[in-house]
Amino acid sequence: MNQSKANFLNRLRVSQQMIESTESETEKKSAINNASGKEVLTRLLENNRAILIETDYKELAQNINTQIKQLQPVQYIVSEHPRLKELLGNELTESNQCKLADTWSEAKQQLFEDIELSICFADSALCEQGALLLKADKNQPRNLSLIPETSFIVVEASNIFPDLQQCVQSAHFDTRKLPSNMVLISGPSKTADIQ
C-alpha cells in the first residue's frame, strides 16, 4: 500500500475515534442500537430532504423511469459505473438521456448548463452518518452527483454498513484500490459546496 493510502486510512481511523468520543455520537450509537441501521439511515437521509424509494432489482429501472417521467428533465445523465449499468441494463427511457462530454471543460459546461438530473451508484451507505459513499472515477466523476439539481443515487441493501469504520474494515472496501476521490452525501448540496 502506498504512503498516501496509508495516510488516508489513518486519518479515517483518527476521525472515527474523535467522533466516537463526543456525547452526541454516543446518543446516535444508542439510537442505532435501539433501531435497525436501515431505519436510522432512512430517518437521517429524510431529515436532510432526501426521498428514499425501496425497490428490488426487477423494478429498479421501472421505478427510475417513473420518477424521470414525473420530473420531466430536459436532459439527464446516467453514470457509467459498471454495477449500475448491470442493474439498469437498457431499460431506461432514452429520450432525454445524454452522455457526458469527453473533455472536462465541455463536461463541466454540460453539467452546469444542460443536465438537470443525474443517476449515480453509491458503493456504500453509512447508517450512523446518514450518508451515501460514492467512489469517484472515470466512469462516475464526483461532479456527476454534485452539480445537477436532482440526483438519483442507487445503493444496494447488501452495501449498507453501521458506520464508516465497519465499511472500511469490510471485504467490500478494498484499500488496495482506493480512488483519488470519494464523496459522502448526506443531503442536498449547497452552492458553497461547489468549487
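**Confidence first.** I ranked the elements of the protein chain by mean pLDDT: helix 2 (residues 23-34) comes lowest at 51, and strand 3 comes highest at 95. This is a predicted model, so I checked the chain as a whole too. Its average pLDDT is 82, and 82% of the residues score at least 70.

**The sheet.** Next I looked up how the strands are arranged. I found 4 strands in an open sheet, ordered 2-1-3-6, with parallel pairing. Strand 2 (97-98) and strand 6 sit at the edges, each pairing on one side only. I then followed strand 3 to strand 6 and counted 5 bridges between them, in the parallel sense. Ile 119 stands opposite Phe 152 of strand 6 there.

**Helix 4.** I moved on to what lies across those strands. Helix 4 crosses strand 1, strand 3 and strand 6, and runs at about 175° to strand 6. I checked its length: at 1.5 Å a residue, the 12 residues (60-71) should span 16 Å, and the end C-alpha atoms are 17 Å apart, which agrees.

Which residues of helix 4 are buried? I got Leu 60, Ala 61, Ile 64, Asn 65 and Ile 68. Looking down the axis of helix 4, I see the buried residues within an arc of 130°, so they line one face. That fits the general rule: an α-helix has 3.6 residues a turn, so residues three or four places apart point the same way.

What do the buried residues pack against? I noted strand 1 (76-78), helix 5 (82-88), strand 3 (117-121) and strand 6 (150-154). On the other side of helix 4, Gln 62, Lys 69 and Gln 70 are exposed.

Last entry: Gln 72 follows helix 4, and its phi is positive, near 50°.

Note on methods
Residues are numbered from 1 along each chain as its sequence is written. This is a predicted model: local features need pLDDT of at least 70, side-chain atom pairs count only at pLDDT 80 or more; totals for chains, interfaces and linings use all residues. Side-chain values use heavy atoms; hydrogens and water are left out. Helices (H or I, at least four residues) and strands (E, at least two) are DSSP runs, numbered from the N terminus. The expected span of a helix is 1.5 Å times one less than its number of residues. Buried means under 20% relative accessible area, exposed over 50%, partly exposed in between (1.4 Å probe, protein chains only). The arc is that of the directions from the helix axis to the C-beta atoms. Contact means heavy atoms within 4.5 Å. pLDDT is the predictor's confidence in each residue, from 0 to 100. Two strands pair if DSSP finds at least two bridges between them. Axes are lines fitted to C-alpha atoms, for helices over the stretch in contact, and angles run from 0 to 180 degrees between N-to-C directions.
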